[in-house]
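Subject: Structure handover

Hello,

Please find the structure below. My notes on what was found in it follow.

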Amino acid sequence: MIEKIEQLIQEIESLKAASAEELEALRLKYLSKKGIINDLMADFRNVPVEQKKAVGQKLNELKTKAQDRINALKEVFDAQKAQGEKPDLTRTAYPAPLGTRHPLNIVKNEIIDIFSRLGFVLADGPEVEDDWHVFSSMNFAEDHPARDMQDTFFVESHPDIILRTHTSSVQSRVMEVTQPPIRIICPGRVYRNEAISYRAHCFFHQVEALYVDRNVSFSDLKQVLLYFAQEMFGQDTKIRLRPSYFPFTEPSAEMDISCNICGGKGCPFCKGTGWVEILGCGMVDPNVLELNGINSKEYTGFALGMGIERITNLKYQVKDLRMFSENDRRFLEEFESAN
Ligand code: DAH
């Protein structure tokens, strides 16, 4: 029996197959249930005890060699098959899925664009700020409610370090190192300690503008506001200013635009008034100029600040503020055409 097995081993070592079908036939011949090797295994019972060890070892050798040889031949066929499946280089490419710009970025860029046409340049400041730049230098009294725990996020171990509650802090950052003329536009994220709902969030975005020079007047401010409103919301847009109060401007105003959803006729969005508020503004308080190293006898200025979410809501009627920070692609993809 040993000789028979050795003969088979030799046979197997020189096995060849010209096709996958031939190889399968060989596999069946040697390795299947009814194949030669299994038959030999069945005969093993009849081998005399003293030969069992030697025959057993040979049989195992035969089986392993047969499996190895057939696997090796199979690999050759598999490789040939894979080569036959080369990619079709003439096929049209799949369109690469493009991302979309975030709606807040689309609107922010539009605002920057409009102001840059008037000569305003970008300025930036830190989001983690100190009390001086956010409040004191902006003429907030020591006991102003905006400094209150309820509005402001404090850094626990440093009561003087806070998350900025408005981008007006950038006004101070720029004025302390620059003499007029100053004409800046400052977009950025701000933080307030508010319960999150469809109409409030603990962070949102603002754009601040500041113009300081000789002879800057309220009529300059009005002209810039009108230009901005009409560029942003269309040439038919009207503006109106209502007196207001901010610590850093005097006089201060809030600007409404004619509701761009109903065209000023009155709708649920403008609560039937035909007007919607979009920003705060005013003449820079002389105290603010002095606190930041600018001579208020020589220079005057105006400032304005607006929420980017608010402008975006007006342009695109997003009803729930939380959509802006959830990164739901179905929402973001709706702005594909605005990119
Ligand atoms: N900082 C104000 C706020 O967060 C917005 C603002 C109002 C900015 C009037 C200004 C301004 O520059 O002049 O509500």
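To begin with one small motif, strands β3 and β4 form a hairpin with 2 residues between them. Please keep in mind throughout that this is a predicted model.

Strands around β4

The two strands of that hairpin are antiparallel: β3 (residues 154-155) is joined to β4 by 2 bridges. Within this pairing, F154 stands opposite I162 of β4. Strand β4 (residues 158-163) also pairs with β2 (residues 128-130), again antiparallel, and here there are 3 bridges. On that side, the bridge partner of E129 is I162. I162 therefore has F154 opposite it in β3 and is also the bridge partner of E129.

Aromatic residues

A search of the whole structure gives 11 aromatic pairs. One of them is F120 with Y211, an edge-to-face pair at 6.3 Å centre to centre, with 65° between the planes. F120 sits in the loop between α5 (103-116) and β1 (121-122), while Y211 belongs to strand β6 (residues 203-213), so this pair ties together parts that are 91 residues apart in sequence. F120 is buried, because its relative accessible area is 4%. Y211 is buried too, with a relative accessible area of 17%.

Another pair is F140 with F248, which is tilted, at 5.9 Å centre to centre and 40° between the planes. F140 is found in the loop between α6 (131-134) and β3, and F248 in the loop between β7 (239-246) and β8 (249-258), so the pair ties together parts that are 108 residues apart in sequence. Both F140 and F248 are buried.

F120 and Y211 also belong to one aromatic cluster, together with F115, F228 and F302. Elsewhere, a charged residue meets a ring: K52 lies over the face of F44, at 5.2 Å from the ring centre.

Pockets

How much space lies in the largest pocket? The value is about 1,500 Å³. This pocket is lined by 48 residues, and those nearest its centre are R199, F204, E277, G307 and R310. The elements giving two or more residues to its lining are α7 (168-175), β6, β8, β9 (275-284), β10 (300-307) and α10 (308-316). Which of them gives the most? That is β9, with 8 residues. By class, the lining of the largest pocket has 22 nonpolar, 15 polar and 11 charged residues.

The second largest pocket holds about 290 Å³ of space. Its lining is made of 20 residues, of which H102, L104, R189, H205 and E309 lie nearest the centre. Two or more residues each come from α5, β5 (182-191), β6, α10 and α11 (323-326). By class, the lining of the second largest pocket divides into 7 nonpolar, 7 polar and 6 charged residues.

Strand β6 and helix α10 each give two or more residues to the lining of the largest pocket, and each also gives two or more to that of the second largest. Strand β6 is also where Y211, the partner of F120, is found.

If you open the model, I suggest starting with the hairpin of β3 and β4, then the pair of F120 and Y211, and then the largest pocket, around R199, F204, E277, G307 and R310.

Regards

Definitions and conventions:
Residues are numbered from 1 along each chain as its sequence is written. This is a predicted model: local features need pLDDT of at least 70, side-chain atom pairs count only at pLDDT 80 or more; totals for chains, interfaces and linings use all residues. Side-chain values use heavy atoms; hydrogens and water are left out. Two strands pair if DSSP finds at least two bridges between them. Helices (H or I, at least four residues) and strands (E, at least two) are DSSP runs, numbered from the N terminus. Rings of Phe, Tyr and Trp (its six-membered ring) pair if their centres lie within 6.5 Å; planes under 30 degrees apart count as stacked, over 60 as edge-to-face and the rest as tilted. Buried means under 20% relative accessible area, exposed over 50%, partly exposed in between (1.4 Å probe, protein chains only). A charge sits over a ring if NZ of Lys or CZ of Arg is within 6 Å of the ring centre and within 35 degrees of the ring normal. On a 1 Å grid over the protein atoms alone, a cavity is a set of points where a 1.4 Å probe fits but cannot get out, and a pocket is an open set with protein on both sides within 12 Å along at least five of seven lines; lining residues have an atom within 4 Å of a point. Grid points are joined across faces, edges and corners, and a volume is the space filled by probe spheres set on the points. Ala, Val, Leu, Ile, Met, Phe, Trp, Tyr, Cys and Pro count as nonpolar, Asp, Glu, Lys and Arg as charged, and the others, Gly among them, as polar.
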